[in-house]
Amino acid sequence: MIKPRHDDRVKEVLAFSTKVKSEFPTLRLEELAFEVMAIQLAFLIIPNITGAAHVMANPCYSYHTEKIVETGKRLHKICNLLDPTFDTNRLVMKVAATWEGLQACRELALCGVKSLATTVFTMEQVVLAGEAGCVSMSPFVHEAKAHFDEKYSDEMPLLRLCVQAQQFYKKRSINTKVKACATLSVDEILQLAGVDALTIMPEDLENLQKGTGCVRLVENQSLFGDNSIPDDNDYPSYLDDESTYRLDFSRSGQGKGQYKLMQVLAIFSDFQFKGEEFMKAHKQLLG
């Protein structure tokens, strides 16, 4: 958004957002403009892909079910205002995998709004995301700090969680797909060969393209043929049992999952604040 090549688009987004602001009376202009910009950037990708485009729900709402539900419906409305011909079935809203966020995904699924549960660090989140009807969910192989602090090393990548989650869904015929993300190397990507989907950084795609003998490497490295990874655990249904979910999630990995979730939400919320301030500053420049 802040790249100079988008300067004209920022102006267009602010003008559009000001024009339609009356449609969203409870929303601040800069927040609306930030959402419109996210959708416009997604629209740039749409002609080049056959699947879905993803737009993140405001991470500041991660503990507010009602506001997340409102956001999902609003994103669909914005899409229709921007381009009435756009098939909103191709829009997937990324929602932080908190209890409140996943309950929102449950409600949105009934309304025909697709969601991806992101910031997943534990099997408890995996189970609830599947029960909530998310079309996909993203385990973070590395905690967010590892991507923003070069001096920080995440020594416990969650590669096996991706395998365990996919096995869990398939065994129970749950349609939720595993979309692994936050890898830090081509080696980790190869270890995840066989996962439903991957988020891959451009430089890693280039390195994969240049590589040789990848088929052999995948056969040797992929964790999806590792019989030592448990394919099942006796997880209860969490969908209507908030107290059990919160207790189990808080205990998972001796609290590491809960810590990582709080960390990434702080980072994402900071980007939300910066994005809104950027829009606010440009609105003032435009008068």
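This report describes how one sheet and two of the helices are arranged in a predicted model.

The sheet is open and is formed by six strands, which follow one another in the order 1-2-3-4-5-6 with parallel pairing. Strand 1 (53-56) and strand 6 (197-198) stand at the edges with a single partner strand each, so one side of each of these two strands has no neighbour in the sheet. At the edge formed by strand 6, two bridges join this strand to strand 5 (residues 177-180), and the two run parallel. Within this part of the sheet, K179 stands opposite A197 of strand 6.

Helix 3 packs on the sheet, where it touches strand 1 and strand 2 (91-96), and its direction makes about 155 degrees with that of strand 2.

Helix 3 (residues 65-82) also packs with helix 4 (residues 99-110), their axes lying 8 Å apart at an angle of about 45 degrees. Helix 3 is therefore oblique to helix 4, and the crossing of the two is right-handed. The residues that make this contact are listed by helix below.

| Helix | Residues in the contact |
|---|---|
| Helix 3 | T65, I68, V69, G72 and K73 |
| Helix 4 | E100, G101, Q103, A104, E107 and L108 |

Sorted by class, the contact of helix 3 with helix 4 has four nonpolar, four polar and three charged residues.

Taken together, helix 3 touches strand 1 and strand 2 of the sheet and also packs with helix 4 at an angle of about 45 degrees.

Technical notes:
Residues are numbered from 1 along each chain as its sequence is written. This is a predicted model: local features need pLDDT of at least 70, side-chain atom pairs count only at pLDDT 80 or more; totals for chains, interfaces and linings use all residues. Side-chain values use heavy atoms; hydrogens and water are left out. Axes are lines fitted to C-alpha atoms, for helices over the stretch in contact, and angles run from 0 to 180 degrees between N-to-C directions. Helices (H or I, at least four residues) and strands (E, at least two) are DSSP runs, numbered from the N terminus. Angles under 35 degrees count as roughly parallel, over 145 as roughly antiparallel, 65 to 115 as roughly perpendicular and the rest as oblique. A crossing is left-handed if the near helix is turned anticlockwise from the far one by less than a right angle, and right-handed if clockwise. Contact means heavy atoms within 4.5 Å. Ala, Val, Leu, Ile, Met, Phe, Trp, Tyr, Cys and Pro count as nonpolar, Asp, Glu, Lys and Arg as charged, and the others, Gly among them, as polar. Two strands pair if DSSP finds at least two bridges between them.
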